[in-house]
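Biologist: Let us go through this structure together. I will ask how each label is justified.

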Amino acid sequence: MGRGGLAPVAFGRRRLAEWVAAPGGPVMCYTHLPAGPARGAVVVCSPLFLEASENARAELVLAEALVDLGFAAQRFDYRSCGNSFGDPQELTLETATLDCLLAAARLREHAGTDALGLVGTRWGALVAAGACGPLGARAVALWEAKPHAQAYVDELARTQAFYDLWRDERHPAGYHQQRLAAGHPLKLLGWRIYPAFAASCSDEYVAGRLPGAIPTRLVHGRGREADSERLTAELATLGCPVTACVLDERVLWWAGVNRLLHPDHAPPPLEAEAGATARWLAERVAQ
Amino acid sequence: MSVAERAVFFPAAGETLFGVFAPAERPRTADLAVVVLPEAIPAGMRGENAVMVHLARAVADAGYASFRLDYHGTGESPGPLPVVLRDHPFLDDVDGAIEWLRAQGYRRFVLAGSCFGAHTALLAVPGRPHVHGVALLSCLIAGGHDRASQPVLASVAEAGERGVEVLFCFGRGDPNHVEFEAARPLGLDPLLAAPTIDVEVLDGPLHSFVDADLQPRVIDMVVRWLARAVDGRRTLAPVTESWTSS
């Protein structure tokens, strides 16, 4: 088991990085603690694959904005991802949600509070939604969430199809989805998406994973209005008070592809949203 | 699997940077550690498919302590996003990592990097006699349009003179490989004749590790090169067998 190092990195702030024991292998948690008693705590569920890399900075900015407001924040790497250990073939929606619950439990120990909120981006929105019930979360913010997990897997397959075209390879429509269903991993820009992961997404909806009426902030980039409207409608049927925001800018995921086209491609614009999300959560999570 | 990893916040040029130390479970050498330098991207060591994390763990599993880090302003290290410019490597960050490792008792260092991390590793050779070797994956070579970087040439020259072990590894046709080939007739070629310098070119894209099948092969190659470089057994079989050497 790894040991954590604790060091102050800025005035009035404490940062902690440590591995937390988990069934699939130690999970790396990055903890941000305020100088005084925490008013509440927020767990951040990252997206996956290249999207995790692209969103890392926005999540860091979000965590520090929460600390500025007197909150603790926990970011973590799902099993087999980033600095966590584990078998990538065991990464599924269920196991990632378990990792989230362990990260939240550790955050509670550090922060000494039961007042919790969650943030989830893209596929991480499904994880965050699924953790709301077990954690008794008071609010959840979802960035660029797909209403249906299967739509996310389809989007990964289309991204690979785009990359195929880049390399002058052509396949029939649905080729990568069919290969996944047949048990072959999807290799996407150096990541492997395993059949178990895809299977775990087949019947999962953000709305279906939420425990009921919980305040929810939806943030989507320009061009994702349909996802925002559908989620808003589905959450309304649960009685969730929804705050829906559509950014002026498009959020480009899998910019590794775009980076090949545009070397000066800017990072996703969610960094600018971090402060607003932190304030929104602070108002609803504070104990 | 190296389960004894230790998260570290360490000082470097007035900043406090984040790193992960992975001690060797069955050390092959007591005084040497490998510093793993990622590409300079906002996500730090976790980017690039976490290949640099896997490389650091493979190195530790092979018997060499490793230390991977997030440059200032990337990953978990604080500060504004750094400006990345050729010939302006993040040497302060490397020196901070080495100082931390020195405090743990290590005296010799191998630097293994990717892209800008490789560029930084190579440019760390001059003036650092404790650098025993550098593994350079998809290293930036050119200093500008149609010319080899003078600091790169000077670093390769010093590495050859000092007997520093060097591995250049490229994916055939990658932009950095094209740069490398362009630089060869511009003063690089004679320097590569030094006996401690290896050049390997793999069939497939290496830059950013976008080929999932190539990742374990590259890691395996670096580990095997490391065994030769550290143990001084250059009479062993070449690090690559099925791959085409340039």
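Biologist: Is the crossing of H1(B) and H6(B) left-handed or right-handed?

Modeller: Right-handed. The term applies if the near helix is turned clockwise from the far one by less than a right angle, and left-handed if anticlockwise. First, a caution: this is a predicted model, where local features need pLDDT of at least 70, side-chain atom pairs count only at pLDDT 80 or more, and totals for chains, interfaces and linings use all residues. Residues are numbered from 1 along each chain as its sequence is written, while chains are lettered from A and ligands numbered from 1 in the order in which they are written.

Biologist: What makes H4(A), residues 149-166, agree with its expected span?

Modeller: Expected span is 1.5 Å times one less than the number of residues. For the 18 residues of H4(A) that gives 26 Å, and the end C-alpha atoms are 26 Å apart, so the two agree.

Biologist: Which residues of H4(A) are called buried?

Modeller: Among them are A:Ala149, A:Tyr152 and A:Leu156. Buried means 20 or more other C-beta atoms within 10 Å of a residue's own, exposed means 12 or fewer, and partly exposed lies in between; C-beta atoms are placed from the backbone.

Biologist: Why are the buried residues of H4(A) said to be on the same side?

Modeller: Because they cover an arc of only 150° around the axis. The arc is that of the directions from the helix axis to the C-beta atoms. The face turned away carries exposed A:Phe162 and A:Leu165.

Biologist: What follows H4(A)?

Modeller: A:Asp168, with a positive phi near 60°.

Conventions
Helices (H or I, at least four residues) and strands (E, at least two) are DSSP runs, numbered from the N terminus.
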